[in-house]
Amino acid sequence: MDLEKHAKPQPPEPAPLRASDADRDRVADILREALAEGRLDAEEHAERIDSVYRAKTVGELEPLVRDLPAPADGAHRFGAPSTASSAPAYATAHAPDEATGPVAAENLVAVFSSSTRKGRWRVGRRTNAFALFGSVEIDLTEAYFEQRLSVINATSVFGNVEVRVPENLTLRGSGTGFFGNFEVETLEAEHPEAPVVVVNGYSVFGNIEAKPKRGKRIADLHGRLRKRLDS
């Protein structure tokens, strides 16, 4: 008997599942949270983020977060979209009058111009700043935080991006300057539940700078945190 003729054909190997933009964004959010919590240092974070946006399949994404905790909201790493954080808001003043809810990513663009965000405004989970022969100013000293982690992605090409924060939150960053400057003055808040701002940046013949504004603090932070812990 010719065994080769009667052997059953093997089913083909399933094709690798292609990664979507949403999959990449979810992995990037996990990595940013890990950076904010100190699980990854700036160099490790930068290497993994680079791999995230080069990944073509879900299989290439999974190893990048295998040694990190699952998302805090309990959503699967790939599949169900992440939800907004349920953490209470922290503010330097009363909340704005408009209805509260998840704040979409905000884009600040300055091309041969300037763009400024300051005063009382609701900070979303992500803010994107782009300066091309222009300047972007982001002032968080009077801002209203509705989640613990806020990420600012800054790109400067022959331009300038400045970020100013209150003195009593946590400020971290990861970035590169190519014939330019990337500088984040790291802060560690005394209270572990204080808001965290992470600045990721890439500067080409430009400047990206994030630092605290002296004398500016989130008002009644400890009182708000105490109410949360008692509830």
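This passage describes the sheets, the aromatic residues and the nonpolar surface of a predicted model.

Two open sheets were identified. One of them contains 5 strands in the order 2-5-8-12-10, and the pairing is parallel. Strand 2 and strand 10 form the edges of this sheet, each pairing on one side only. From one strand to the next, the twist averages 10°. The other open sheet is also built from 5 strands, here in the order 3-6-9-13-11, with parallel pairing. Its edge strands are strand 3 (114-117) and strand 11 (181-184), each of which pairs on one side only. The twist in this sheet averages 10° from one strand to the next. In general, the strands of a sheet pair through backbone hydrogen bonds, in either a parallel or an antiparallel manner.

Individual strand pairs show how these sheets are joined. In the sheet with the order 2-5-8-12-10, strand 2 is connected to strand 5 (residues 126-132) by 6 bridges, and the two strands run parallel. Within this pair, Val111 has Leu132 of strand 5 as its bridge partner. Strand 5 is in turn joined to strand 8 by 7 bridges, again in a parallel arrangement. Here Thr127 has Ile152 of strand 8 as its bridge partner. In the sheet with the order 3-6-9-13-11, 4 bridges connect strand 11 to strand 13 (residues 207-212), and these strands run parallel. Val184 stands opposite Ala210, which belongs to strand 13.

The side chains of a regular strand alternate between the two faces of the sheet. Strand 2 (residues 106-111) displays such an alternation. Glu106, Leu108 and Ala110 point to one face and are buried, whereas Asn107, Val109 and Val111 point to the other face and are not buried. Val109 and Val111 also belong to a nonpolar patch on the surface, which is described below.

Aromatic contacts were examined next. A pair of aromatic rings is described by the distance between the centres and the angle between the planes. The count comes to 5 aromatic pairs in the model. One of these is formed by Phe112 and Phe133, which are stacked, with 5.0 Å from centre to centre and 10° between the planes. This pair links distant parts of the chain, since Phe112 lies in the loop between strand 2 and strand 3, and Phe133 lies in the loop between strand 5 and strand 6 (135-139), 21 residues apart. Phe112 has a relative accessible area of 65% and is therefore exposed, the cut-off for this class being over 50%. Phe133, with a relative accessible area of 41%, is partly exposed.

Phe133 also pairs with Phe158: the ring centres are 5.0 Å apart and the planes lie at 0°, so this pair is stacked. It likewise links distant parts of the chain, with Phe133 in the loop between strand 5 and strand 6 and Phe158 in the loop between strand 8 (149-157) and strand 9 (160-165), 25 residues apart. Phe158 is partly exposed, at a relative accessible area of 41%. Phe112, Phe133 and Phe158 are among the members of one aromatic cluster, which also includes Phe178, Phe179 and Phe205.

The residues of this aromatic cluster reappear in a nonpolar patch on the surface. The patch consists of Val109, Val111, Phe112, Phe130, Phe133, Phe158, Phe178, Phe179, Tyr202 and Phe205, which together have about 1,000 Å² of accessible area. Val109 is located in strand 2, and Phe133 in the loop between strand 5 and strand 6. Phe179 is placed in the loop between strand 10 (170-178) and strand 11. With a relative accessibility of 60%, Phe179 counts as exposed.

Two of these phenylalanine residues also have backbone angles of note. Phi is near 50° in Phe133, a positive value in a residue other than glycine. In Phe179, phi is near 55°, which is likewise positive in a residue other than glycine.

A further loop position is that of Glu185, found between strand 11 and strand 12 (196-204). Glu185 counts as partly exposed, at 29% relative accessibility. The C-alpha atom of Glu185 is separated by 7.4 Å from that of Leu171, while the two residues are 14 residues apart along the chain.

Conventions
Residues numbered from 1 in each chain as written. Predicted model: local features only at pLDDT ≥ 70, side-chain atom pairs only at ≥ 80, totals over all residues. Heavy atoms only, no water. Buried < 20%, exposed > 50% of the residue type's maximum accessible area, 1.4 Å probe, protein only. Pairing = 2+ DSSP bridges. Axes fitted to C-alpha atoms, helices over the stretch in contact; angles between N-to-C directions. Phe/Tyr/Trp six-rings, centres within 6.5 Å; stacked < 30°, edge-to-face > 60°. Patch = residues over 30% accessible without salt bridge, like charges linked within 9 Å, V, L, I, M, F, W, Y side chains within 5 Å. Areas by Shrake-Rupley, 256 points an atom, 1.4 Å probe, with all protein chains shown as cover. Salt bridge = Lys/Arg side-chain N within 4 Å of Asp/Glu carboxyl O.
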